[in-house]
Amino acid sequence: MPWLPLMLVMAAAAATSEQQVSLVLWSSDRGLWAPAADTHEGHITSDMQLSTYLDPALELGPRNVLLFLQDKLSIEDFTAYGGVFGSKQDSAFSNLENALDLAPSSLVLPAVDWYAISTLTTYLQEKLRASPLHVDLATLQELKLNASIPALLLIHLPYTASSGLMAPKEVLMGNDEVIGQVLGTLKSEDIPYTAALTAVRPSRVARYVAMVTGGLGRQLLQRTVAPPAINAPVSYNDTARRILFWAQNFSVAYREHWEDLTSRTFGVQDLNLTGSSWNDSIARLVLTYDSLFGTMVTFKFTLANRFYRVSAQYWFTLENLEIHSNCSVAYFNASQVTGPSIYSFHCEHVSSENEDGSLLVPDTQPSLWQMTFRDFQIQAFNVTGEQFSYASNCAGFFSPGIWMGLLTSLFMLFIFTYGLHMILSLKTMDRFDDHKGPTITLTQIV
């Protein structure tokens, strides 16, 4: 599509925040997207706006969805390595441009908020009600796709910096070749599809430009507000990535003295993970802090993976959480932290304090140690890539609001039933006075 590189060039100056990536959508069905009126210079597509673009395609379009996910991608990659003014000889995206030219429906979003992209896989999974399948060219040819059965196919594409063995343009050309082969396979089998190309994070970090709602703007005595930093999760690797752990806040208390360990845990390159281990049935994540409460303190998360015949799948459980310090050990029972092994576990509050749900139960009462995690998430089995799998949330189905609604409805139903019973119990007289006959007399019973 000749206008793809030109449109991306026009938006390149605006999308300079390190929290933005590009998103390209196309489909074999017609009329799924209207022209994006809001993608003017400097516009950043939010998660809510992205859902308005995706909903028509997922509800009315093909049931087979392809998600080409690169590790890194930015607008600068299109402007630097794409064809100029429609010339495809020097373009690293020839197959992509050809697919957009032939696609009845397409949409290009130059700058999409990073948070919206980070939740894209989960959003597609919930909309399609289908688990994502990580496929490559070999496994794609063996799959038997059906136009009526929803399928979410994830194709991971690499990205290599210029300091690597291959230049970025060569890597992008290789990725474009993979896209062409995948689309060729679907075309040969005449399978309708909707495809999306995006990335986990931007490939380039540029100068931050303050954005305001509705486009670019400046105010008198304006202050530049930096975007909120999102620290990377703790990752334990041996031959591959095995355990992921993250929390928005990680705090621990000893003798009622609290310490915030968030900045010392997440996004730290030299975090001490000595003692951590992993196998198919047991995973241990060990975090050691040299100077905490004046001594060395070690936290051990032990997760077990078991097969349950009732559900016919593996489930993991956080067996216990141990705190080692000064030759003493404090144990916390965390068996409520559980879920299917193919998922991660997420909970808004995981704490040993009663007011936060008390998912961590100390073995000894009262305990000298207290722990609190806010926005807690962990996964120790079936980890693929740098992101968590779909989360099994700790929130129960029957929330307080649901219970209040059920009890109120039952009470109203009881009143209705009792009133109906009273009405049905009313009896009319079986004899009436006749003014032409004798008066009815009732014998008084004493």
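# A first look at this chain

The accessible surface of this chain comes to about 25,500 Å², and 56% of that belongs to carbon and sulfur atoms. Keep in mind that you're looking at a predicted model. The chain has 446 residues, and 41% of them are buried. Its secondary structure adds up to 10 helices and 20 strands. If you take the contacts with a separation of 6 or more, 67% of them are between residues 24 or more positions apart.

**The β13–β14 pair**

- Let's start with strand β13, residues 295-308, and strand β14, residues 313-325: they run antiparallel and are joined by 12 bridges.
- To find your way along this pairing, look for A304, whose bridge partner in β14 is T317.
- The two strands form a hairpin with 4 residues between them. In that turn, A312 has a positive phi of about 60°.
- There's a side-chain link here too: E319 and R306 meet in a salt bridge, at 2.7 Å from N to O.
- That salt bridge runs from strand to strand, with E319 in β14 and R306 in β13, 13 residues apart.
- E319 has a relative accessible area of 27%, so it counts as partly exposed. R306 is partly exposed as well, at 37%.

**What else pairs with β14**

- Strand β15, residues 328-333, pairs with β14 in the antiparallel sense over 6 bridges.
- In this pairing, I323 stands opposite A330 of β15.
- β14 and β15 make a hairpin with 2 residues between them, and N326 in the turn has a positive phi of about 50°.
- Strand β16, residues 338-340, also runs antiparallel to β14, and 3 bridges join the two.
- Here the residue to look for is F316, which stands opposite G339 in β16.

**The β9–β10 hairpin**

- Strand β9 covers residues 249-254 and strand β10 covers residues 257-260; they pair in the antiparallel sense over 4 bridges.
- Y254 has H257 in β10 as its bridge partner.
- This hairpin has 2 residues between its strands, and R255 takes a positive phi near 55°.

**The disulfide**

- How many disulfides does the chain have? The count comes to 1.
- Its two ends are C347 and C394, with the sulfurs 1.9 Å apart.
- C347 sits in strand β17 (residues 344-351), while C394 is in the loop between β20 (391-393) and α10 (400-425), so the bond ties together parts that are 47 residues apart in sequence.
- The torsion about the S-S bond of C347 and C394 is about 75°, so this disulfide is right-handed.
- Are the two cysteines buried or exposed? C347 counts as buried, at 3% relative accessibility, whereas C394 is partly exposed, with a relative accessible area of 33%.

**Salt bridges elsewhere**

- A search of the whole structure turns up 4 salt bridges.
- One of them joins the side chains of D55 and K127, at 3.5 Å from N to O.
- This pair links distant parts of the chain, since D55 is in helix α2 (residues 47-60) and K127 is in helix α6 (residues 120-128), 72 residues apart.
- K127 is partly exposed, with a relative accessible area of 34%.
- R242 forms a salt bridge with D238, and their closest N and O atoms are 2.8 Å apart.
- D238 has a relative accessible area of 39%, which makes it partly exposed.
- Back to E319 and R306 for a moment: E319 is in β14 and R306 is in β13.
- Some salt bridges share partners, and they join D55, E59 and K127 into one network.

**Helix α4 and its buried side**

- Which residues of helix α4 (residues 94-102) are buried? They are L96, E97, A99 and L100.
- These residues cover an arc of only 160° around the axis, so they lie on the same side of α4.

How values were computed
Residues are numbered from 1 along each chain as its sequence is written. This is a predicted model: local features need pLDDT of at least 70, side-chain atom pairs count only at pLDDT 80 or more; totals for chains, interfaces and linings use all residues. Side-chain values use heavy atoms; hydrogens and water are left out. Two strands pair if DSSP finds at least two bridges between them. A disulfide is a pair of cysteine sulfur atoms within 2.5 Å. Buried means under 20% relative accessible area, exposed over 50%, partly exposed in between (1.4 Å probe, protein chains only). Contact means heavy atoms within 4.5 Å. Accessible areas come from the Shrake-Rupley method with a 1.4 Å probe; for residues, only the protein chains shown count as cover. The arc is that of the directions from the helix axis to the C-beta atoms.
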